[in-house]
Amino acid sequence: MIILGIETSCDETAAAIVENGTRVLSSVVASSQDLHKKYGGIIPEEAAREQVKCIIPVIEESIKNAKGITNIKKIDAMAVTVEPGLIGSLLIGIEAAKTLSFAIEKPLIPVNHLIAHIYANFINSQLDNLKIRKLFPALCLIASGGHTELLLMKSHQEFKWLGGTRDDAAGECFDKCARLLGLGYPGGPEIERAAKLSTISYQQSTISLPRPMRDQNNLDFSFSGLKTAVARFIEKNHQLSIINHQPLIAFELQEAITDCLVEKTLKAAEKFKPKSLMIAGGVGANTRLREKFKKNTKIELFLPPKNLCTDNAVVVASRAFFNFKPVPWRKIRANPSLKLNT
Ligand code: KG4
Ligand code: ZN
């Protein structure tokens, strides 16, 4: 089955064509990141304006690039992100998908963006549906710009929420601290790059950031205190140049965030004894986080390709294949709520 996926929940406009949930025929991602770099974050209205301009060209390119697909009628179904996300952005993908579904008379499957992130683990994995089921229950860590959640995936339809952030998301913490340090947007890759420069100076480092909620007997996270700690450090040491401190703070911040993510995830693994551990979301692209999981995980570990960790439409099409529940286009609505509806 060939599914066209559409994703516009945040600042990306993406379309992809995926066969049987695992084989990518094409994937196109257009981002308005350059625009947001100027402000160190996303301006929803600006993001939506860019998405209106590029949604049709992006869909058109995904069809042109897909081998064996000569025109849009060759697809079997369509899938679109309907929640959670920025309302103006979500609506652009949804209205485009509804219009196409009406015009070409193909079924349309609404998809939850967060759950879709998990499916990055199945792409090109050579795993068919039967083998994937053997990996359940799977413990999933979803760490993105808007979410940090631990879920137990019992099947493609059944998810149990285990814990999550009480305030900022892990990616949000990277982004906000990068801004404090005068680094670019998105902050995660910038902090990762700056941290790599710190190997020599770290030995003499005096900065030590907290690991919030580390010792608490729950599966929750908190990242807003880290941002405050970084701000205080910069204030206190204002006589020293920020540029000199960038690598040092970036290194310690990356250590603190990844320690919190890894420790709570392993605690959940101990408690729920899952068959596998799946990492998902933009922060999942972080090399240090991946190293720590590789070193410490005793069950089967899945780390998606880095380009599928951040927002894309491949995972939307994949999720729709494994949870094939078409809804008449008239009944499809955007749900911007941050609450995790599974
Ligand atoms: O999943 P995603 O693309 O969008 C959301 O659904 O939010 O995640 C974006 C987040 C941003 O906060 C970005 O800074 C972070 O993922 N990110 C990273 C890395 N690449 C992206 N964080 C740490 N290390 C990275 N290499
Ligand atoms: Zn995302």
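The paragraphs below lead through a predicted model, beginning with its metal site and moving on to its pocket, its cavity, its cysteines and some points of its backbone.

A good place to start is the zinc ion (ligand 2), whose protein donors are H113 through NE2, H117 through NE2 and D311 through OD, lying 2.0 to 2.1 Å from the metal. There are 4 donor atoms around the zinc ion (ligand 2), and because the angles they subtend run from 96 to 135°, the arrangement is tetrahedral. Along the sequence the donor residues follow the spacing H-x3-H-x193-D. Distant parts of the chain are thus linked by the pair H117 and D311, which stand 194 residues apart, with H117 in helix α4 and D311 in the loop between α11 (306-309) and α12 (314-322). As for their surroundings, H117 is buried, with a relative accessible area of 1%, and D311 also counts as buried, at 15% relative accessibility.

Helix α4 leads on to the largest pocket, since α4 (113-118), α6 (170-180) and α7 (187-196) each supply at least two residues of the lining of that pocket. The volume of the largest pocket is about 1,100 Å³, and 40 residues line it, with S144, G145, G146, D175 and Y185 lying nearest its centre. When the lining of the largest pocket is divided by class, 14 of its residues are nonpolar, 16 are polar and 10 are charged.

Which helix gives the most to the lining of the largest pocket? That helix is α6, which gives 6 residues. The buried residues of α6 are A170, G171, C173, F174, D175, C177 and A178, and one of these, D175, has already appeared among the residues nearest the centre of the largest pocket. In an α-helix there are 3.6 residues a turn, so residues three or four places apart point the same way. After α6 comes G182, whose phi is positive, near 75°. Between α6 and α7 there is a loop that holds P186, and the peptide bond joining Y185 to P186 is cis, with omega about -5°; Y185, like D175, is listed among the residues nearest the centre of the largest pocket.

Besides the pocket, the structure holds 1 cavity of 30 Å³ or more. Rolling a probe the size of a water molecule over the atoms shows where empty space is left. In the largest cavity that space comes to about 50 Å³, and the residues lining the cavity are R211, P212, M213, R214, D220, F221, D259, C260, E263 and K264. The lining of the largest cavity divides into 4 nonpolar and 6 charged residues, with no polar ones.

One residue of the cavity lining, C260, raises the matter of cysteines, of which this structure pairs none, as it holds 0 disulfides. C140, for example, is in no disulfide, and the nearest cysteine sulfur, that of C309, is 13 Å away. C140 is buried, with a relative accessible area of 1%. Why does C260 form no bond with the closest cysteine sulfur? The sulfur of C260 is 8.9 Å from that closest cysteine sulfur, in C173, and this is too far for a bond, given that a disulfide is a pair of cysteine sulfur atoms within 2.5 Å. C260 itself counts as buried, at 6% relative accessibility.

Some further points of the backbone deserve a look. Another cis peptide bond is the one from F136 to P137, with omega near 0°, and P137 lies in the loop between α5 and β6 (138-143). A positive phi of about 50° is found at N20, although N20 is not a glycine; N20 has its place in the loop between β2 (12-19) and β3 (23-31), where it counts as partly exposed at 36% relative accessibility. E105, likewise a residue other than glycine, has a positive phi near 55°, and E105 is found in the loop between α3 (87-104) and β5 (108-112). Is E105 buried or exposed? With a relative accessible area of 70%, E105 is exposed.

The last stop is Q126, which lies in the loop between α4 and α5 (129-133) and counts as exposed, at 69% relative accessibility. Q126 and V316 are 190 residues apart in sequence, while their C-alpha atoms are 18 Å apart in space.

How values were computed: Residues are numbered from 1 along each chain as its sequence is written. Chains are lettered from A and ligands numbered from 1 in the order in which they are written. This is a predicted model: local features need pLDDT of at least 70, side-chain atom pairs count only at pLDDT 80 or more; totals for chains, interfaces and linings use all residues. Side-chain values use heavy atoms; hydrogens and water are left out. On a 1 Å grid over the protein atoms alone, a cavity is a set of points where a 1.4 Å probe fits but cannot get out, and a pocket is an open set with protein on both sides within 12 Å along at least five of seven lines; lining residues have an atom within 4 Å of a point. Grid points are joined across faces, edges and corners, and a volume is the space filled by probe spheres set on the points. Ala, Val, Leu, Ile, Met, Phe, Trp, Tyr, Cys and Pro count as nonpolar, Asp, Glu, Lys and Arg as charged, and the others, Gly among them, as polar. Helices (H or I, at least four residues) and strands (E, at least two) are DSSP runs, numbered from the N terminus. Buried means under 20% relative accessible area, exposed over 50%, partly exposed in between (1.4 Å probe, protein chains only). Donors are N, O and S atoms within 2.8 Å of the metal (3.2 Å for Na, K and Ca); water is not among the atoms, so sites may look incomplete. Four donors count as tetrahedral if all angles lie between 85 and 135 degrees; four count as square planar and six as octahedral if opposite donors are over 155 degrees apart and all others between 65 and 115; anything else is irregular.
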